[in-house]
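Visitor: I would like to go through this model with you, beginning with its pocket and then turning to its cores and a few single residues.

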Amino acid sequence: MVSGGASQMGATCAIAGSVLLFIGTYLHPMSADPNQAAAAFAEYAADPLWVASHLTQLAGVALIVAALLLLAQQLRAGSAAAWAGIAAGAAIVGLAVAVALQAVDGIALKFMVDAWAAAPAAQKEGLFHAAFAVRQIEIGLASMASLSLGITATLYGVALLFDRTHPRWVGGLAMVGGVPTMMAGVVIASTGFSALAMAINMPANALLLVWMLVLGGCMWRSGGARPEEPAGRRRVPRS
């Protein structure tokens, strides 16, 4: 069983990570159509906070994964131990893909679009195609990130449905956000950053942020329970 201090640490990571991910996403420029490369690249090149916003997003994802690993440690003491172990592995994979995505999107692509924007006219076409190639790598990683993080949330949702430490509806909320996030990964793989992909991915990501905030509150409450009250025997409201 995870200690009360570790549970509250997980709650802090969940809430702080959600806030950082929201801030980083809010700072991300979104006026241009991301599937229209020339317009998108011009917008990215003009953004002075591009690297900072993406590193903020990455810090948020890292804290969220830390919270999920602490949650898995808590769930391993109950009836969802097997699901928790699989979910923890998926969370680690998701973080690895997110790191690779931000290295390409947050750093490499920024260098390329800056070079393209500042280049003389004779060199612009070649630099544009080079930046476009980096963009295709970003699309591939974004697809895998959506798939892996969606799978992670769904697995945690299943684990929470089996476990009695937290209300079961918290597990249901994870699956409601996780399944469409997986679907968005498939659509991104087929259509890039299309309007359809964004229409699925953005609401799903918002649901996952809400889930993490709710989960953080639940973990904080369970961490504040009296030491003599075993987590598996606490009364929790059922949906």
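Visitor: Which helix gives the largest share of the lining of the largest pocket?

Guide: This is a predicted model, and its largest pocket holds about 1,300 Å³ of space. Helix 1, helix 2, helix 3, helix 4, helix 5, helix 6 and helix 7 each supply at least two residues of the lining. The largest share, nine residues, comes from helix 7.

Visitor: How many residues of that lining are nonpolar?

Guide: The lining of the largest pocket comprises 43 residues, and those nearest its centre are Leu21, Thr25, Gln57, Asn201 and Asn205. Sorted by class, the lining has ten polar residues and four charged ones, while the nonpolar residues number 29.

Visitor: With which side chain does the side chain of Ser146 make a polar contact?

Guide: Ser146 sits in helix 5, which spans residues 121-162. Once its neighbours within four places in sequence are set aside, Ser146 is in contact with Thr181, Met182, Ala184, Gly185, Ile188 and Asn201. The side-chain polar contact, at 3.5 Å, is with Asn201.

Visitor: Is Ser146 buried or exposed?

Guide: The relative accessible area of Ser146 is 8%, and the cut-off for buried is under 20%. Because 8% falls under that limit, Ser146 counts as buried.

Visitor: Which backbone oxygen does the side chain of Ser7 reach?

Guide: Ser7 belongs to helix 1, and Ser7 is counted as buried because its relative accessibility is 2%. At a distance of 2.8 Å, its side chain reaches the backbone oxygen of Met219.

Visitor: Which helix gives the most to the largest nonpolar core?

Guide: The largest nonpolar core has 37 residues, and those with the most contacts inside it are Leu68, Leu71, Tyr156, Leu160, Trp211, Met212 and Leu215. Helix 1, helix 3, helix 4, helix 5, helix 6 and helix 7 each supply at least two residues of this core. The helix that gives the most, with ten residues, is helix 3.

Visitor: How many residues are in the other core, which lies apart from the largest one?

Guide: Within the largest core, Leu160 is among the residues with the most contacts, and, leaving aside its neighbours within four places in sequence, the contacts of Leu160 include Leu71, Trp211 and Leu215. Apart from this core lies another, which has Tyr44, Leu109, Ala145 and Val187 among its members and whose residues number 23.

Note on methods. Residues numbered from 1 in each chain as written. Predicted model: local features only at pLDDT ≥ 70, side-chain atom pairs only at ≥ 80, totals over all residues. Heavy atoms only, no water. Helix = DSSP H or I, 4+ residues; strand = E, 2+ residues; numbered from the N terminus. Buried < 20%, exposed > 50% of the residue type's maximum accessible area, 1.4 Å probe, protein only. Polar contact = N/O pair within 3.5 Å; in protein donor to acceptor, adjacent residues only side chain to side chain. Contact = heavy atoms within 4.5 Å. Core = buried A, V, L, I, M, F, W, Y, C linked by side-chain atoms within 4.5 Å. 1 Å grid on protein atoms, 1.4 Å probe; cavity = no way out; pocket = protein on both sides within 12 Å on 5 of 7 lines; lining within 4 Å. Points joined across faces, edges and corners; volume = space filled by probe spheres on them. Nonpolar A, V, L, I, M, F, W, Y, C, P; charged D, E, K, R; others polar.
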